[in-house]
Structures are given as structure tokens and as C-alpha cells.
Amino acid sequence: MSEIAVIAQLFLSQETITNVKEYGSGNINQTFLVTTDSPTESYYILQKINTQVFPNPELVMDNICLVTNHIKNKLSVKQPWEISRVLFTKDQKHHYRDEQDNFWRGITFIDNSLCLEKVESLSHAKQIGYGLGTFHNLISDLPVTKLGDTLPGFHITPNYLQNYYRIENNSAINSSIEVDYAKNFIQARVNFIEILETAKEQGLLRLLPIHGDPKINNILLDRDSKNAISMIDLDTVKPGLIHYDIGDCLRSACNTLGEETSNWEQVKFDTEIARAILQGYLTVAQEFLTDYDYQYFYDGIRLIAFELGLRFFTDYLAGNVYFKTNYSEHNLIRALVQFKLTESIENQEDIIKKIILS
Ligand code: ADP
Ligand code: GN1
Ligand code: MG
């Protein structure tokens, strides 16, 4: 048995592991698909949590247990929605720390599901929105005071700007057309960066439990019906503004070239996909939204696309220390993709605002 299979076995008492392979394309954690000899639950997910990013992974697991139990207790037998179950070790722990201090967790696999990187149709887009709305709906009555802050500063855009200035001052990266474009792009938007945090301080927007990372491949579809059936990747569930989630979902799904394209100059925000996602979202989320929530939807969409560009660019200047990369300019190209997307959102402000009001 490989070392990883030995670790995976710690989370399973009944089944015997027959295979373990690396899985998925996440930017932070390392994910493995575990196959077992069980005829009913043949697959599991094993993950090594990136403890550079999540300094308190026990708190991440506490949050995940809280949220998954909360959802499980609310689901009626008829509701076509699933949520992964956290696996416990023999000594009743929701994780395992190995001798090198790596932090591991196991969760159940959402079977017969599709995990897609790009929107394939408007009905798919509607399901993406429906999936996020269902998740928000299911957790909206969970008191935020019960959730720990697993990633302080996450989606607080002004903090990312301060971090960018600090890193930029000390960065050894030479200037180039792309680097200068990115720097000018950021500088032209510094006045807009505070918008959501200010609205929060003014009491116009309130903290709710959020997913934190609802990009398209974290919303699973049923393989047969093609309906959204689950949300995965719950590490960033914490108190926040739902605008972070709406922004992140739309910046991810409405970019038809995908966030990993190298063709960054052609990136556009597709407003028909946005319309379908919001339609799907509002069929389930309407009941807990306020008028102010709607007022800030557009700003959230623009801000989170911009923020991700800022985060990628800062990481490029810092020497690629946060996001996994395949080549040295990877984070620079990813940043340019998000900046082009932001520009496209800005150019279509009127139409996006009309969609939000319709
Ligand atoms: P990351 O934070 O690295 O994105 P994820 O938790 O999203 O990690 O997992 C990576 C990939 O593993 C997902 O994109 C999906 O393909 C698969 N995956 C993760 N959890 C599950 C699950 N519970 N059921 C089915 N597939 C899963
Ligand atoms: C990271 O782990 P993954 O790939 O789902 C990041 C998100 C970014 C995303 C961009 C904890 O998510 O915030 O939007 O990359 N997660 C964290 O692809 O920083
Ligand atoms: Mg993911």
C-alpha cells in the first residue's frame, strides 16, 4: 500500500482501499480520489489541506462539520440535494496529522455527479445560480457567531490592496508591457476598492454564512438530470457578504474562455449567462435578500473579478507563493484574464444593472 493509501485507510473502517489517485484541478489543496471495494460507496475524497493558506485547519474542519450537519438536518427526503459527510478516524477526529505535520481529511464522494470548468448552456448557467442559491438558502439561518473565521481578511479587498503595495515596493520583477498594464489597471481603481466594506460598516449589508469560493467547478450537477445537486470545497465557509459569493460565481461562470485561458486579451463577461445564473439564484434566494443587497450586486460582481486579478498579480510579484502555478508567468496571465473580465463588466454596467433589476 502506498503511504497515501495508508492515510486514506485511517478514515475508513469497513472498506478496503483498492486505488488512490490525484484528482481535480484546485489552486490550493491537494485532492485524491480513493477507490474502495465497497459495492455501495466505492469512492471517497482525501485531501491534504494547504496549511500555509489555512493556518488553523482544525477550525476549517469544525466549520465544515457544523455546516454539513446543519444542511443534513434541514434536507427533506424529497429535496434533490446532497452534502458530503466528513469522515472520522478511529479516535473520533475529523482529520489526521501525519509525522511531517501534514493535515489530512476525508469526505464522502458525491456520486453520479458532473464537475464542469465552463458553462455549457444557459440551462447549465441557471443550475449554477440555483445551486448557489440553494446553498445560501440552506445555511442562511445558521448564526454567523457559530462559524469561525478560517481565513482572516479573505475577500476584504482593501487588505489585498495594502498587501499589494507592500509586495510591489519590494518586488524584484522587471517592468514589461503586461506588468505596467496591470499596475495602471489597479491604480485606476483604488477609489472603488472600499465599496463593499464601507457598505458593511454603514450597516447596509450584513454578515451571513457564505461559501467563499463558489466557482463553477465547486457546484456539482447530477449526471442524469443535469440539475445542481451539491456544493463542495467548503474550506472557506465563514461569515461574509453574499456579494463575495455572487461576484465570485459570476466572474467564474460568465468568462466563457475560462480563468485559465492564455488568450487574455479576448476575455469577455457574457451577460446572457449572468442573466441565467441570477434567474436561477433568485428562484431560491429571494426570500432572504434585502433591497440593499440588490443595490450592491453589480459592485460585488465587478469587485470580486478585480480582487482576484489583484490577488493573482500580487502573488506573481511575490514569487508565486500562494496559488499553485505551472510556469513562472502563470499568475501574471491569470491576473490579466481577471482584469480584462473586470473591464468587460465595467463596459456593460448598464445592461448588468438592468438584468439585476429585471
Ligand atoms: P480545491 O480547493 O483544490 O479546489 P476541491 O474540494 O474543490 O479542492 O476538490 C477538487 C476536485 O475534487 C473538485 O473539483 C471535484 O472534481 C472533486 N471533488 C472534491 N470533493 C468532492 C466530492 N465530495 N464529491 C465529488 N467530487 C469531489
Ligand atoms: C482558489 O482552491 P480553489 O482553486 O477552489 C482560491 C479562490 C480563488 C480561486 C481562483 C482559499 O480556489 O479564492 O477564487 O483559487 N481559494 C483560496 O481559481 O484562496
Ligand atoms: Mg474546488
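Where does aspartate 101 lie? In this predicted model, aspartate 101 sits in the loop that joins strand S4 (96–97) to strand S5 (103–108). Its backbone deserves a careful look, since the phi angle of aspartate 101 is near 70°, which is a positive value in a residue other than glycine. Aspartate 101 has a relative accessible area of 47%, and because this falls between the 20% under which a residue is buried and the 50% over which it is exposed, aspartate 101 is called partly exposed.

A second residue can be read in the same way. Asparagine 320 has a positive phi of about 60°, although it is not a glycine, and its place is in the loop between H10 and helix H11 (330–347). With a relative accessible area of 21%, asparagine 320 is partly exposed.

From these single residues we can step back to the whole chain, for which the domain assignment gives domain 1 (3–111) and domain 2 (122–357). The C-alpha centres of domain 1 and domain 2 are 26 Å apart, and across the boundary 29 residues of domain 1 are in contact with 32 residues of domain 2.

Where, in relation to the two domains, does the second largest pocket lie? Domain 1 and domain 2 both give residues to its lining, so the second largest pocket lies between them. The space in this pocket comes to about 380 Å³; 20 residues line it, and those closest to its centre are Tyr160, Asn163, Arg311, Thr314 and Tyr322. Two elements, helix H4 (157–170) and helix H10 (297–318), are the ones that give two or more residues to this lining. Sorted by class, the residues of the lining are 12 nonpolar, five polar and three charged.

Helix H10 also holds tyrosine 298, which, at 3% relative accessibility, counts as buried because the value is under 20%. What surrounds tyrosine 298, once its neighbours within four places in sequence are left aside? Tyrosine 298 is then in contact with Ile345, Glu346, Glu349, Ile352, Lys353 and Ile356. Another part of the chain can be located by its distance from this residue: glycine 247 is 51 residues away along the chain, while the C-alpha atoms of tyrosine 298 and glycine 247 are separated by 8.2 Å.

The next stop is an enclosed space, for the structure holds one cavity of 30 Å³ or more. The largest cavity has about 40 Å³ of space, and its lining includes Ala8, Phe11, Leu12 and Val34, as well as Tyr44, Ile45 and Leu46. Strand S3 (residues 43–49) supplies the largest share of this lining, three residues. By class, nine residues of the lining of the largest cavity are nonpolar and one is polar, with no charged residues.

The last stop is the magnesium ion (ligand 3), whose protein donors are Asn218, through OD1, and Asp233, through OD, lying 2.3 Å from the ion. These two donors link distant parts of the chain, 15 residues apart: asparagine 218 belongs to the loop between strand S7 (208–210) and strand S8 (219–222), and aspartate 233 to the loop between strand S9 (228–231) and strand S10 (238–240). Are the two donors buried or partly exposed? Asparagine 218 counts as buried, at 4% relative accessibility, whereas aspartate 233, with a relative accessible area of 28%, is partly exposed.

Terms used. Residues numbered from 1 in each chain as written. Chains lettered and ligands numbered in written order. Predicted model: local features only at pLDDT ≥ 70, side-chain atom pairs only at ≥ 80, totals over all residues. Heavy atoms only, no water. Donors = N, O, S within 2.8 Å, 3.2 Å for Na, K, Ca; no water. Helix = DSSP H or I, 4+ residues; strand = E, 2+ residues; numbered from the N terminus. Buried < 20%, exposed > 50% of the residue type's maximum accessible area, 1.4 Å probe, protein only. 1 Å grid on protein atoms, 1.4 Å probe; cavity = no way out; pocket = protein on both sides within 12 Å on 5 of 7 lines; lining within 4 Å. Points joined across faces, edges and corners; volume = space filled by probe spheres on them. Nonpolar A, V, L, I, M, F, W, Y, C, P; charged D, E, K, R; others polar. Domains from an automatic or database assignment. Contact = heavy atoms within 4.5 Å.
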